[in-house]
Amino acid sequence: MTTRTVKDLLRNQFDVPSSMVAVGLRGMSNLPENAVYGGPKSQSPWKRITLNHLASKYQKGDPITMVTAYDYPSAVHVDMAGIDICLVGDSVGMVVHGHDTTLPVTLEDMLLHCRAVARGASRPLLVGDLPFGTYEESKEQAVASATRMLKEGGMDAIKLEGGTPSRVAAARAIFEAGIAVMGHVGLTPQAISVLGGFRPQGRNVASATKILESALALQDAGCFSIVLECMPSPVAAAVTSSLRIPTIGIGAGANCGGQVLVYHDLLQMMQHPHHAQVTPKFCKHYGNIGAAINEALSKYRQEVVSKEFPSAAYTPYRISQSNVDDFITELHKRGLNKAATAAAAASEDDNNAGDPLLTTLPD
């Protein structure tokens, strides 16, 4: 069956929009494990992660790994590394788009990045953040936004922030609509307006108790996991031990069911606007990719300015000497003597450089 036939079948018989057909044929991660049209094969030797796999790991006491990704290349890296959960976070607004906060991120922004990640990571469980303003208004709005994240973004689950009664109600409504939900308590970046900035939470009894109560309420609402961000280790440990579902810590100590870091942070790449002043204290750097990128770009610029690059060795597309001679003759006939001289000099440079590093493409 051709690709066009599949598209026509989906569009005509099942009334699937064209935009959805394009995502589906790319290989959405939330298809059944033995789907007929599963899209690209996983780039990782491990099997695709589901909620059942996560529950099994949690019961065995095996830590769960989660990393953010925002585009196809980062998704491929996360996939190949064997990470359990790939989070398409609204942190994309800061680390990719350069905003000061996550607040400007729209649902359309998230869907664009989710689709790119879904094309690159077929093994991990894909979780997409619901951005600010897409689930607070009503349960109906929350369900509609979450539905789009799965249908149009190719996600397996969504994540929402906060444990207030309205957020818990939104989580419950999404869960009851048949969509897996991950909760998020502690420092919730979408709530910096009331938190007074990016500040750790749970450092007094009232705040710590509130975190615990919020986590329990989100569990009761149907969440399969809860992110615990920027809180003292004893608080995170108490919350983790009180729940029947895994917690995923970020700046919350080692007593959580798993850990998550931002892709750009752990690789020490170019960061969001605040990063030079407010480096996450909880983030360990597992590489210095930002410095390597800067060094490579600087070297490239220097070689272009000095005319060291591209040398003839990096000019792979060659022409036979007889064709060069005929071309030069034709240029002279047209009165383009300067062009003929330039072509002859370039040909001589190629001949002096020897064979190119890349073979010439066939005619």
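**View 1. The largest nonpolar core of this predicted model.** In this predicted model, the largest nonpolar core brings together 57 residues, and those with the most contacts inside it are Met149, Ile158, Leu160, Ile174, Ile226 and Leu228. Helix H6, which covers residues 107-120, gives the most to this core, with 6 residues. A second core, separate from the largest one, has 16 residues, and Met66, Val127, Ala157 and Ala180 are among them. In soluble globular proteins, nonpolar side chains tend to be buried together.

**View 2. The surroundings of Ile174.** Once the neighbours within four places in sequence are left aside, Ile174 is in contact with Leu130, Ala142, Val143, Ala146, Ile158, Leu160, Ile179 and Val181. Two of these partners, Ile158 and Leu160, are listed together with Ile174 among the residues that have the most contacts inside the largest nonpolar core.

**View 3. The closed barrel and the pairing of its strands.** A closed barrel is formed by 8 strands in the order S1-S2-S3-S4-S5-S6-S7-S8, and the pairing is parallel. On average, and with direction ignored, neighbouring strands of this sheet are turned by 25 degrees against each other. Strand S3, made of residues 125-129, pairs with S4 in the parallel sense over 3 bridges, and within S4 the bridge partner of Gly128 is Ile158. Strand S4, residues 157-159, is in turn joined to S5 by 3 bridges, the two strands running parallel, and here Ile158 has Val181 of S5 as its bridge partner. Between S4 and S5 the chain passes through helix H8, residues 165-176, in a β-α-β crossover that is right-handed.

**View 4. Strand S5, with both of its faces covered.** How many of the 7 residues of strand S5 are buried? In this strand, which spans residues 180-186, 7 of 7 are buried. Ala180, Met182, His184 and Gly186 are buried on one side, while Val181, Gly183 and Val185 are buried on the other. S5 is also joined to strand S6, residues 225-229, by 5 bridges, and these strands run parallel; the bridge partner of Gly183 in S6 is Ile226. Helix H10, residues 205-220, lies across S5 and S6 and runs at about 175 degrees to S5.

**View 5. Cys223 and Cys230, two buried cysteines.** Cys223 has a relative accessible area of 3% and is therefore counted as buried, since this word applies under 20%. Cys230, at 13%, is buried by the same cut-off. A search of the whole structure finds 0 disulfides. The place of Cys230 is in the loop between S6 and helix H11, residues 233-242, and its phi is positive, about 50 degrees, although Cys230 is not a glycine.

**View 6. Gln268, a residue other than glycine with a positive phi.** The phi of Gln268 is near 55 degrees, and the residue is found in the loop between helix H12, residues 263-266, and H13. Is Gln268 buried or partly exposed? With a relative accessible area of 28%, Gln268 is partly exposed, because this value lies between the limits of 20% and 50%.

**View 7. The cis peptide bond between Phe309 and Pro310.** Phe309 and Pro310 are joined by a cis peptide bond, for which omega is about 0 degrees. Pro310 has its place in the loop that lies between helix H13, residues 289-305, and helix H14, residues 321-333.

How values were computed: Residues numbered from 1 in each chain as written. Predicted model: local features only at pLDDT ≥ 70, side-chain atom pairs only at ≥ 80, totals over all residues. Heavy atoms only, no water. Core = buried A, V, L, I, M, F, W, Y, C linked by side-chain atoms within 4.5 Å. Buried < 20%, exposed > 50% of the residue type's maximum accessible area, 1.4 Å probe, protein only. Helix = DSSP H or I, 4+ residues; strand = E, 2+ residues; numbered from the N terminus. Contact = heavy atoms within 4.5 Å. Pairing = 2+ DSSP bridges. Right-handed = clockwise from strand over helix to strand, strands pointing away. Disulfide = S-S within 2.5 Å. Axes fitted to C-alpha atoms, helices over the stretch in contact; angles between N-to-C directions.
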